[in-house]
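Reader: Could you take me through the inside of this protein? I would like a close look at its nonpolar core.

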Amino acid sequence: MKFQRIGDWKNVPLILERQLKRVEEAIVFNFLVIGENCVIHARDNGEYKDQTGNLRNSIGYVIAYNGEILEWGFKYSSGISNKGEFLAKYKINEMLAGDTGYSLIIVAGMSYARDVENRGKNVLSGTEGYLKKEVRAKMKRILSKAGLK
């Protein structure tokens, strides 16, 4: 049996590159959805008394790839007015140093957030399990749709 080439094999790298781009876009989109939902989850499930609203409003997220920030989200009522201020306040670049692949970071920007957690009050710790579950489910779905179980 003789095999015959059909189609233009020169286009294969372009086709693969397009598919890879679609997967990457799906990852970022799903991380945006997960990030927003984690912020909502953390704000709704915080086990601390809200005196000023500053701690709840300081919760935000960053999506990065290989340490480079792609997207970020926070509530403007947190008193932060621009991306540079947000990144500096939350020390995001320090957290991303040396990271490879995609990262989704959920942060509470108030300096006393850790103290509240250390007193046994949930600020972000309760959102960690939710985040892991959501990321696993979304990534499984993305990879399955791409045919990469």
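Author: Here is the core, set against the chain as a whole. This is a predicted model: local features need pLDDT of at least 70, side-chain atom pairs count only at pLDDT 80 or more, and totals for chains, interfaces and linings use all residues. Residues are numbered from 1 along each chain as its sequence is written, and side-chain values use heavy atoms, with hydrogens and water left out.

Begin with the chain. The protein chain has 6 helices and 3 strands. Helices are DSSP runs of H or I with at least four residues, strands are runs of E with at least two, and both are numbered from the N terminus. Along the sequence the pattern reads α-α-β-β-α-α-β-α-α. Of its 149 residues, 34% are buried, meaning under 20% relative accessible area (1.4 Å probe, protein chains only).

Now the core. A nonpolar core is a set of buried Ala, Val, Leu, Ile, Met, Phe, Trp, Tyr and Cys residues joined through side-chain atoms within 4.5 Å. The largest one here has 22 residues. Leu55, Ile59, Leu104, Ile106, Ala108, Val123 and Leu124 have the most contacts inside it. At least two residues each come from α1 (12–45), β1 (59–65), β3 (102–108), α5 (113–118) and α6 (125–145). The most come from α1, with 7 residues.

Look closely at Leu55. Leaving out residues up to four places away in sequence, Leu55 touches Tyr48, Ala108, Met110, Tyr112, Ala113, Val116 and Val123. Contact means heavy atoms within 4.5 Å.

There is also a second, separate core of 7 residues, including Ile69, Ile92, Ile105 and Val107. In soluble globular proteins, nonpolar side chains tend to be buried together.

Note on methods:
Buried < 20%, exposed > 50% of the residue type's maximum accessible area, 1.4 Å probe, protein only.
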